[in-house]
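Let's go through some side-chain contacts together and ask how each one earns its label.

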Amino acid sequence: MEIQEWRFRRQLVLVPLPLQGHLNPMLQLGAILHSKGFSITIAHTHFNSPNPSDHPNFIFLPLSVGFSSFTPFRDDFIAFLSILNTNFETPLRELLTQMIQKQGQDDKLPCIIYDGLMYCVAEITQSLKLPGIVLRTSCAANLLAYYAFPGLRNEGYLPVQDSSLLNIVPGFHPLRFKDLPAHSFSLDVMLQLMATLRDTGSSSAIIWNTMDFLEESSLEQIQKQFQIPVFPIGPMHKIVTAASTSLQEEETSCVKWLDRQSQNTVIYISLGSVVIIDAEELGEISWGLAKSNQPFLWVVRPGSIQGSNWIELLPEGFREAIGERGCIIKWAPQKEVLAHAAVGGFWSHCGWNSTLESISEGVPMICRPCFGDQRVVARYVIHVWRVGLALENKLEKGEIERTIRSLMVDREGEEMRQRAMDLKEMAQLSINKGGSCYNSLNELVEFIASS
């Protein structure tokens, strides 16, 4: 063990994108690599800062980017990325330069692992001659969908017409044009962003929070395109028992409520850390849940309902209609909830972390994607892995009721639950000794140690 630690111990600087869905896998990766003997430093923004007390083995170095919240950029994600990367570049460069200057003569240079959307890091690592590795926090299929834009434009498919939104994208089954991760953005802006993200010249490898058996074809295509090592080591949240990575305070009291419910009866609803709904949608969801007659655990994030601090706009009579059958909270310990025997379905926005957590516990899904990679993930959940139902039209209580009952009560849902349990078993096998993700992680450790 001493020889292993001597060989592998070196400083890793992890650079996450400061949003919940991106922080989670980066902090999980940090915990995994720390358990392998590496020193972990997190270079992060002041806003959406992780809690250092949750990760006492990490060094946290906050850097200012000139703004303190994602909220002003909620409707323009590409503008957020541009300003974030522009403002983050100088303080990060100064930080890394200082770290290099403090290195001992025989010390290895720090290795930088950065979120693929923190694209300013690529130029910094190249100019400072530091090894750099990209962490991709979504599925491999999503990256291929992004990179399809230039070819689709050249072939005349883009900009897409409204009449073609439901057509399958040539060469990208089962994706429709409406499922492309950014079809609503300006095409010129998207192409410019793709050109920036495609430049991985200074990156020596790509880490994926995914599994070979889920995305074998997509990973093979990426390997061919980039000609650098690809390390699929997911589901990362199952490899180590890491401290909480949530930016929200988790309400663990809901677990006691789940303990009182029967096996596979509860539908768990959580639409992630960014999605906002209006009062009309809140009403349709409320009465759809009430009419389904299924027990439910519903996460309503404060500020996620327009015109309301929390649940003040719940429709009149709803609480009386559900009685003790429903539990509404502000934020859930999601991994614990999905692992609970009472939970038989997950109504999700189909963020990649949530999807991996659901698959890893054998829980089938109701898919309500909103933007970005969520549409890609939802199509794969429904049409490739076949462990989910779509809820993609305008929210309507009757359709919500029918979809919930199809998943939780009907034969269709039971068949999906069995397929989900099969995926759970395959996920566990992949991280067990000798499994594909287990082997890929060992290869990653050796790669970092020798870089």
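Q: What makes Lys 330 a charge that sits over the ring of Trp 310?
A: In this predicted model, the charged end of Lys 330 is 5.1 Å from the centre of the Trp 310 ring. The cut-off for a Lys charge over a ring is within 6 Å of the ring centre and within 35 degrees of the ring normal, so Lys 330 is counted as sitting over Trp 310.

Q: How many disulfides does the structure hold?
A: It holds zero disulfides.

Q: Why is Cys 367 in no disulfide?
A: The nearest cysteine sulfur, which belongs to Cys 350, is 3.5 Å away. A disulfide needs the two sulfur atoms within 2.5 Å, so Cys 367 does not qualify.

Q: And why is Cys 327 in no disulfide?
A: Here the nearest cysteine sulfur is that of Cys 254, at 6.0 Å. With a limit of 2.5 Å for the sulfur pair, Cys 327 is therefore left without a disulfide.

Q: How do you know whether Cys 327 and Cys 367 are buried or exposed?
A: Buried means under 20% relative accessible area. Cys 327 has 13%, so it is buried. Cys 367 is at 1%, so it also counts as buried.

Q: What makes Arg 176 and Glu 392 a salt bridge?
A: Their side chains meet with N and O 2.9 Å apart. The limit between a Lys or Arg nitrogen and a carboxyl oxygen is 4 Å, so the pair is a salt bridge. In general, side chains of opposite charge can pair when their charged atoms come close.

Q: Where in the chain do Arg 176 and Glu 392 lie?
A: Arg 176 is in the loop between helix H6 (149-154) and helix H7 (187-198), and Glu 392 is in the loop between strand E13 (388-390) and helix H15 (397-408). The pair links distant parts of the chain, 216 residues apart.

Q: Why is Arg 176 called buried and Glu 392 partly exposed?
A: Arg 176 has a relative accessible area of 8%, under the 20% cut-off, so it is buried. Glu 392 has 36%, which falls between 20% and 50%, so it is partly exposed.

Q: What else does Glu 392 pair with, and why does that contact count?
A: Glu 392 also forms a salt bridge with Lys 178, with the closest N and O atoms 3.9 Å apart. That value is within 4 Å, so the contact counts. Lys 178 lies in the loop between H6 and H7 and Glu 392 in the loop between E13 and H15, so this pair ties together parts that are 214 residues apart in sequence. Lys 178 is partly exposed, at 22%.

Q: Which residues belong to the network of salt bridges?
A: Arg 176, Lys 178, Asp 179, Arg 379 and Glu 392 are linked in it. One of its contacts is Arg 176 with Asp 179, at 2.9 Å from N to O, and both of these residues are buried. The whole structure has 10 salt bridges.

Q: Turning to rings, how many aromatic pairs are found?
A: A search of the whole structure finds 16.

Q: Why is the pair of Tyr 147 and Phe 226 called tilted?
A: The ring centres are 5.8 Å apart, within the 6.5 Å limit, so the rings pair. Their planes meet at 55 degrees, which is neither under 30 nor over 60, so the pair is tilted. Tyr 147 lies in helix H5 and Phe 226 in helix H8, so the pair ties together parts that are 79 residues apart in sequence.

Methods. Residues are numbered from 1 along each chain as its sequence is written. This is a predicted model: local features need pLDDT of at least 70, side-chain atom pairs count only at pLDDT 80 or more; totals for chains, interfaces and linings use all residues. Side-chain values use heavy atoms; hydrogens and water are left out. Buried means under 20% relative accessible area, exposed over 50%, partly exposed in between (1.4 Å probe, protein chains only). Helices (H or I, at least four residues) and strands (E, at least two) are DSSP runs, numbered from the N terminus. Rings of Phe, Tyr and Trp (its six-membered ring) pair if their centres lie within 6.5 Å; planes under 30 degrees apart count as stacked, over 60 as edge-to-face and the rest as tilted.
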